[in-house]
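Hi,

Here is the structure I promised to pass on. Have a look at it first, and then read on for my notes.

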Amino acid sequence: MTAPVLNTAYTCDTYLNTTNGDLYGFDGPWTTTPSARSIPTYAGTTYTCANQTALVSNLASATDGDILEVTANIALSSTFTLNKGVKLTASSPTIKLSYATANQAMINVTADNVLITGITLEHTGTGSVDTCVNFSSTTASSNYVHSVTFLTNEFAVTSINTQIQITNSDFSFTGTAD
């Protein structure tokens, strides 16, 4: 399989089927597009997180279906691993999680049924594989990224999931790529 090349002339939703490398876009030359799934709702307990300690401890207390709401900008000092099917959001979409360690993922998602939404994610590392969000489960098939702003020197999202859905998100290059 050759690596797909994204035609940046399209301003559409673009989908990559990771099992075979097929690339789909709404206004591209493709004849079929995958159906967008409904963004799930989470009705569990809402945990407010104003710093990294609260974020980590609240995730430890959370169960699948709960909500982690970031209420202040947080500069992470280590990779944050989302290992439960929770919603990660912010009280305002301008609230930012940031990370500066080179060649690491800022958020590593190991669970299924995770929704990351309504937040800004910034990776300011200067490595060649800096990643805002890494979906690292080979069996996950229901993870979502919706209305997220990505600011990164390298990769916004990397995945080995069976399927993820990214919708209504903004991707911006910042820094100096290698």
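A word on terms before the notes: helices (H or I, at least four residues) and strands (E, at least two) are DSSP runs, numbered from the N terminus. The model is predicted, so local features need pLDDT of at least 70 and side-chain atom pairs count only at pLDDT 80 or more, while totals for chains, interfaces and linings use all residues. Residues are numbered from 1 along each chain as its sequence is written, and side-chain values use heavy atoms, with hydrogens and water left out.

Let me begin with threonine 131, which sits in strand 11 (residues 131-135). Threonine 131 counts as buried because its relative accessible area is 5%; buried means under 20%, exposed over 50%, and partly exposed in between (1.4 Å probe, protein chains only). Setting aside residues up to four places away in sequence, threonine 131 touches Gln104, Ala105, Met106, His123, Phe155, Ala156, Val157 and Thr158, where contact means heavy atoms within 4.5 Å.

Strand 11 belongs to an open sheet of four strands in the order 6-9-11-13, with parallel pairing. Its edge strands are strand 6 (80-82) and strand 13 (155-159), each pairing on one side only. On average, neighbouring strands of this sheet are turned by 15 degrees against each other, direction ignored; the axes here are lines fitted to C-alpha atoms, for helices over the stretch in contact, and angles run from 0 to 180 degrees between N-to-C directions. Two strands pair if DSSP finds at least two bridges between them. Strand 6 and strand 9 (residues 105-109) have three bridges in the parallel sense, and phenylalanine 80 has isoleucine 107 in strand 9 as its bridge partner.

Next comes strand 12 (residues 143-152), where eight of the ten residues are buried. Which strands pair with strand 12? Strand 10 (residues 115-123) does so in the parallel sense over eight bridges, with histidine 123 opposite threonine 152. Strand 14 (residues 164-167) runs parallel to strand 12 and is joined to it by four bridges; there, histidine 146 is partnered with threonine 167. Strand 15 (residues 170-173) is also parallel to strand 12, again with four bridges, and in that strand phenylalanine 173 is the bridge partner of threonine 152.

Glycine 118 is found in strand 10. Is glycine 118 buried or exposed? It is buried, because its relative accessible area is 17%. Glycine 118 and valine 148 are 30 residues apart in sequence, yet their C-alpha atoms are 5.4 Å apart in space. Beyond its neighbours within four places in sequence, the contacts of glycine 118 include Thr89, Ala90, Ser92, Pro93, His146, Ser147 and Val148.

Towards the N terminus of these notes' numbering, strand 3, helix 1 and strand 4 make a right-handed β-α-β unit. Right-handed means that, with the strands pointing away from the viewer, the path from the first strand over the helix to the second runs clockwise. Strand 3 (residues 46-49) has Tyr47 and Cys49 on a covered face and Thr46 and Thr48 on an uncovered one. Four bridges pair strand 3 with strand 4 in the parallel sense, and cysteine 49 stands opposite valine 70 in strand 4. Glycine 65 lies in the loop between helix 1 (52-61) and strand 4 (67-70). The C-alpha atoms of glycine 65 and glycine 44 are 5.1 Å apart, although 21 residues separate them along the chain.

On the cysteines: cysteine 49 counts as buried because its relative accessibility is 0%, and cysteine 132 is buried because its value is 0% too. The structure holds zero disulfides, a disulfide being a pair of cysteine sulfur atoms within 2.5 Å.

Finally, the largest nonpolar core has 33 residues, and those with the most contacts inside it are Leu68, Leu82, Leu97, Ile116 and Leu121. Such a core is a set of buried Ala, Val, Leu, Ile, Met, Phe, Trp, Tyr and Cys residues joined through side-chain atoms within 4.5 Å. Neighbours within four places aside, leucine 97 is in contact with residues including Leu55, Val70, Ile74 and Leu88.

Best wishes
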